[in-house]
Amino acid sequence: MPIPTRDELTTLAGAALARVGAEPPSGDHEQTSPVNGEPLSALPHADAAAVDDAVQRAGDAFREWRKVPAPARGALVKRWGELLAEHKDDLATLVSLEVGKITSEARGEIQEMVDICDFAVGLSRQLYGRTMPSERPGHRLMETWHPLGVVGVISAFNFPAAVWSWNTAVALVCGDPVVWKPSELTPLTSLACAATLQQAIADVGAPAAVSQVLLGGADAGRALVEHPGVALLSATGSTRMGRAVGPRVSERFGRTLLELGGNNAAVVSGSADLDLSVRGIVFAAAGTAGQRCTTMRRVIAHRSVVDELTDRLASAYERLPIGNPMADGTLVGPLIHGRAYDGMQAAIGRASEEGGKVVAGGARVLEDQAPSAYYVQPAIVRIEAQSPVVQQETFAPLLYVLPYDDFEEAIALNNAVPHGLSSSVFTEDQAEAELFLSPEGSDCGIVNVNIGTSGAEIGGAFGGEKETGGGRESGSDAWRAYMRRATNTVNFSGELPLAQGVDFTV
């Protein structure tokens, strides 16, 4: 299937938006589709005054929403999940148009939204505190969890729907309204997703302002970061962005939840099943055209298998179908824009200067069909040492393969980068697997065995360490970030004994 024309893409977008019930306002901020590099929409951007108004309205809604019992708040998220499932295809179409994801990955992203709604509905009846034994007779010591306040969400282009939903579904059952500033590259997806939640809000009679979306650029994001009415600021993006956001929120004593960069690696041991390893590596490295925070960017392979593994990966890369992401059979769509392509080419050039050899891909393709779009062959660079460029994240389908001699060296190489998001080991040796999972092993927030670095399930907490930011979203006990804890002591003894045996008799 050829690359669609501008008219074809705008027709697809308009039809999907209409079915979802979203009516985008007209404006003068033009946004292009990576599918063909041509304009797709022109929308207005919110200014600081609009951000302030949204946060004020969210604060008013908070005072109502926090009084609603958590299971009743879960009813809103349940209805939202139903609407997301109903509009899955239309939302996935918009993701493909604005991000360039292949259809199965775009549908998978919307399914993640449905899944987190299911998780959050159950969570609405499990916001547990603890009861602890008191040292004083006739006293009960416990903790309770309460709604925190307005949650600001700043999301990145590569997951324009799912990451917002991870925050929003959990925040809503925790009693918090959400103000969302999505990527300026994905406004139509954002408006459509927000429309489904607004419909759910109307259906269950919740306060309208518990969910708001603000289209805008860096100025709108900065206003949300600095607003004193935002109790928790959840931001997804680069480490550079996190360095700017973190101190600004901390300065006003707000909370942050940061999901930043990743330079993720797989260790392939001498005992690994290479068939399994190749399949896991290719998806993790080339899926979403290398534009996931969990994309595999390094393979650290035992010297006994590194040559064969490199050859098999290069052969698999040669067979990857590249093209229109909405066409059947396509596995690799476009990069988001020309800057991503330039960054990839610069990294390949530096790797060559540092001793690397390109063994697969790296060339731009389909220029004759879409001269303004950036389709590129996923690249593999074989390199002997973890040189400076290998230690940096390049947000594109660029995979480095390097050897190791003993397993402790492999762990050290895995950990010797600034980021700590995702990691994996392919091995049939249980001792190696257990060591990789141990405190002496991978220092990442996500540590897998015999599976790649991407494709996390919503049931587990998602996030990483070091320059990845330390935040946790989605499953497990990530809900605690959206609530405040109170420690309570109840005295039913009729006496007033003090803790630690203190005597303060008047």
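**Group meeting talk: one sheet, its helices and two arginines**

I start with arginine 57, which touches Ala209 and Gln212, not counting residues up to four places away in sequence; touching, or contact, means heavy atoms within 4.5 Å. Before going on, a word on the source: this is a predicted model, where local features need pLDDT of at least 70, side-chain atom pairs count only at pLDDT 80 or more, and totals for chains, interfaces and linings use all residues. Residues are numbered from 1 along each chain as its sequence is written, and side-chain values use heavy atoms, with hydrogens and water left out.

Back to the residue. Arginine 57 sits in helix 2, residues 48-65. Helices (H or I, at least four residues) and strands (E, at least two) are DSSP runs, numbered from the N terminus. Is arginine 57 buried or exposed? Arginine 57 is partly exposed, with a relative accessible area of 38%. On this scale buried means under 20% relative accessible area, exposed means over 50%, and partly exposed lies in between, using a 1.4 Å probe and protein chains only. From arginine 57 to serine 387 there are 330 residues in sequence and 50 Å in space, C-alpha to C-alpha.

Next, what helix 2 packs on. Helix 2 and helix 8 pack at an angle of about 40°, their axes 9 Å apart. Axes are lines fitted to C-alpha atoms, for helices over the stretch in contact, and angles run from 0 to 180 degrees between N-to-C directions. That makes helix 2 oblique to helix 8. The classes are these: under 35 degrees is roughly parallel, over 145 roughly antiparallel, 65 to 115 roughly perpendicular, and the rest oblique. The crossing of helix 2 and helix 8 is right-handed; that is, the near helix is turned clockwise from the far one by less than a right angle, and anticlockwise would be left-handed. On the helix 2 side, Ala48, Val51 and Val55 meet Ala220, Ala223 and Leu224 of helix 8.

Now the sheet. Its 5 strands form an open sheet in the order 7-6-5-8-9, with parallel pairing; two strands pair if DSSP finds at least two bridges between them. Strand 7 (211-213) and strand 9 (255-259) are the edge strands, each pairing on one side only. From one strand to the next, the twist averages 15°. Strand 5 (residues 150-154) pairs with strand 8 (residues 230-236) in the parallel sense over 5 bridges, and valine 153 stands opposite serine 234 in strand 8. Helix 8 (residues 218-226) packs on the sheet, touching strand 5, strand 6 (178-181) and strand 8, and its direction makes about 150° with that of strand 5. Helix 9 (residues 239-251) also packs on the sheet, touching strand 8 and strand 9, at about 170° to the direction of strand 9.

Another helix pair is helix 3 (residues 70-86) and helix 5 (residues 103-123), packed at about 160° with axes 9 Å apart. They are therefore roughly antiparallel to each other, and the crossing is left-handed. Among the residues that meet there are Trp80 and Leu84 in helix 3 and Met113 and Cys117 in helix 5.

Last, arginine 364, which lies in strand 13, residues 364-365. Arginine 364 is buried, at 19% relative accessible area. Which backbone oxygens does its side chain reach? The side chain of arginine 364 reaches that of proline 371 at 2.9 Å and that of alanine 373 at 2.7 Å.

Definitions and conventions:
Polar contact = N/O pair within 3.5 Å; in protein donor to acceptor, adjacent residues only side chain to side chain.
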